[in-house]
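Trainee: Could you take me through one part of this model up close? I'd like to start at a single loop residue and work outwards from there.

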Amino acid sequence: MSNLALNLAASAANSPAAPALRIGDRTLDYATVEAATARVAGLLRDRGLVPGDVVGICLPNIPEFAICYYGVLRAGGIVVPLNPLLTERELTYHLVDSGAKLLFAWSEVARAASGSAAAAGTEPIPVDVDEFDALLAEFEPMPGYEERAASDTAVILYTSGTTGKPKGAELTHANLAANCDVVVSTLLHLTSRDVVLGILPLFHVFGQTFALNAAMKVGALLALVARFEAGTVLEVLARDRVTVFEGVPTMYSALLHHPGATDFDVSSLRVCVSGGASMPVEVMRGFEAAFGCTVLEGYGLSETSPVAAFNPPDRERKPGSIGLPVRGVELRLLDDAGVEVADDAVGEIVIRGHNVMKGYWRNPAATTAAIPDGWFRTGDLARRDADGYYYIVDRKKDLVIRGGYNVYPREIEEVLYEHEAVAEVAVIGLPDARLGEEVCAVVALKPGATTTAAQLIDFAKARVAAYKYPRHVHFVEALPKGATGKILKREIVVPGGLPVRNT
């Protein structure tokens with residue numbers, strides 16, 4: 001029996017009174033959470049759900065997300081986690097494409113959810129924090145857990161859809177269980193004494209595996225924060241004596257530059273994890289110096305459950321590197337002809353292992369294109385050093401080709417992050433009649449900092465080859481970000497409305 005929800009069952013049996021989920025001044029112990037999942041499963045059975053049916057969960061980081069997530073899995077269903085910020089049109093697409101039978105929808109997005117559900121033929125189940133317990137009390141708890149095979153789909157995660165419509169990555173019970181075990185046992189060395197900060201969206205695979213599934217597996221406390229705000233996060237870190245912080249680079253930058261950061265006691269932190277995007281080395285160094293905590297950078301994708309590589313805590317850490325392949329996973333670098341490249345040469349990362357998805361939901365053509373030979377094509381470019389550590393160079397489609405020369409935006413971003421005035425930067429390619437593309441840096445400055453476009457251009461010009469430095473610099477208050485805090489280059493618009501290429 002391979003039901004992922006059994007991890008929660010085991011922790012509830014071992015330590016029923018231990019705190020499992022906390023948000024603000026509300027704390028639920030393991031026995032309470034496990035009992036609530038039984039009633040969710042009972043509700044689903046009452047609504048006619050059978051094993052293999054799809055159920056959407058459109059909730060923020062609140063305890064009800066975990067209760068619904070494990071309740072659906074307990075009943076043998078497939079979870080489709082959905083961002084509560086999706087528009088009605090976007091939500092409708094996800095419900096129709098997944099064929100969701102039911103949708104647990106946050107009360108604050110009820111209008112969009114009800115319209116989408118009606119259009120998709122999905123039954124909406126409103127989730128109001130103040131009324132959800134009363135709703136569940138109407139249903140008899142489902143005893144036990146539905147038996148599922150390791151290869152059965154547990155979760156469908158929709159990719160960001162930067163090119164074309166979003167695709168649903170099918171992650172199996174085995175995918176998620178194995179990746180969770182790697183996180184717990186070899187990457188974080190997590191125990192029941194840990195307190196994990198749940199700021200990463202739980203509808204995203206990073207938050208599910210590293211925070212929700214990992215914490216529930218070992219019986220740790222998951223301290224939830226519904227929305228990232230640097231001051232609030234610092235308060236929770238101090239109040240709950242958080243030991244494990246997991247975030248994306250923009251979160252680290254925001255915490256580092258928060259004016260009151262030094263007013264909070266965060267000495268309980270023992271490990272910090274960064275993923276979702278490459279962390280600028282200057283941000284990593286600055287955060288570690290200010291917070292007295294080691295940041296371990298890793299790499300993964302929705303299609304790989306997510307973690308594929310990581311800087312192991314018990315070996316040398318190399319700042320700027322995504323580390324080594326994790327246990328049970330293989331990485332290779334291939335050129336455009338599919339030939340493996342030598343050390344220090346750039347190639348596309350391809351991945352094989354227990355973490356690679358079953359395929360794209362109802363999309364065999366996309367599955368074959370992504371996994372033609374058992375190796376998943378990531379679209380990410382990297383190099384490998386002589387010790388086997390990998391370094392992300394850039395997204396294959398983010399590459400700027402200036403006058404026939406390849407310019408990797410990540411390299412230029414790293415340089416600009418070294419400038420004392422720069423808080424955030426994204427380097428993009430702009431159409432150019434003569435060169436094909438020109439390099440452009442879009443910059444957000446630190447609070448109170450000043451500089452000019454010419455100064456930043458000169459700063460970069462002194463540090464990179466002549467064909468690489470940006471000829472255009474545009475300043476913005478903040479860069480557009482997705483739900484996880486990852487910078488969305490596809491949404492950047494520079495003066496004149498020049499389009500961004502291929503992102």
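Mentor: Sure, let's start with Arg362, which sits in the loop between S18 and helix H12 (364-370). Keep in mind that this is a predicted model. The backbone at Arg362 is worth a look: phi is positive, about 55°, although the residue is not a glycine. Arg362 is also out in the open, because its relative accessible area is 60% and anything over 50% counts as exposed.

Now step back along the chain, past S18. The loop between strand S17 (347-353) and strand S18 (359-360) holds Asn355, and here the picture flips. Asn355 has 0% relative accessibility, so it counts as buried; the cut-off for that is under 20%. What does Asn355 touch, once its neighbours within four places in sequence are left aside? Its contacts include two other asparagines, Asn175 and Asn179. Then there is a run of partners made up of Glu303, Thr304 and Ser305, with Val307 and Ala308 a little further on, and finally Val329.

Before we follow those partners, go to the other end of S17. The loop between strand S16 (329-334) and S17 is where you find Asp344. Like Arg362, Asp344 is a non-glycine residue with a positive phi, in this case about 75°.

Back to Asn355 and its partner Ser305. Ser305 is joined to Pro306 by a cis peptide bond, with omega about 0°. Pro306 lies in the loop between strand S13 (295-300) and S14. So the buried loop residue Asn355 is in contact with one side of that cis bond, Ser305, and also with Val307.

S14 itself covers residues 307-310, and Phe310 belongs to it. With a relative accessible area of 3%, Phe310 is buried. Leaving aside neighbours within four places in sequence, its contacts include Leu187, Phe210, Val273, Leu296, Ile322, Leu324 and Val326. Glu297, Gly298 and Gly323 are in contact with Phe310 as well. Ile322 deserves a second glance: it is twelve residues from Phe310 along the chain, yet the two C-alpha atoms are separated by 5.5 Å.

Phe210, one of the contacts of Phe310, takes us to helix H8, which runs over residues 205-218. H8 has 14 residues and spans 18 Å from first C-alpha to last, close to the 20 Å expected at 1.5 Å a residue. Is this helix mostly covered or mostly open? Mostly covered: 13 of its 14 residues are buried. After H8 comes Gly219, with a positive phi near 80°.

Let's zoom out to see where all this sits. The whole protein has 14 helices and 25 strands. Its radius of gyration is 23 Å, close to the 23 Å from the globule rule for 503 residues, so the protein is as compact as a globular protein of that length. Along the principal axes, the C-alpha atoms fill a box of roughly 70 × 55 × 45 Å. Buried residues account for 57% of the 503, Asn355 and Phe310 among them. As for contacts with a separation of 6 or more, 68% are between residues 24 or more positions apart.

Key. Residues numbered from 1 in each chain as written. Predicted model: local features only at pLDDT ≥ 70, side-chain atom pairs only at ≥ 80, totals over all residues. Heavy atoms only, no water. Helix = DSSP H or I, 4+ residues; strand = E, 2+ residues; numbered from the N terminus. Rg over C-alpha atoms; globule rule 2.2 N^0.38 Å. Buried < 20%, exposed > 50% of the residue type's maximum accessible area, 1.4 Å probe, protein only. Contact = heavy atoms within 4.5 Å. Expected span 1.5 Å × (residues − 1).
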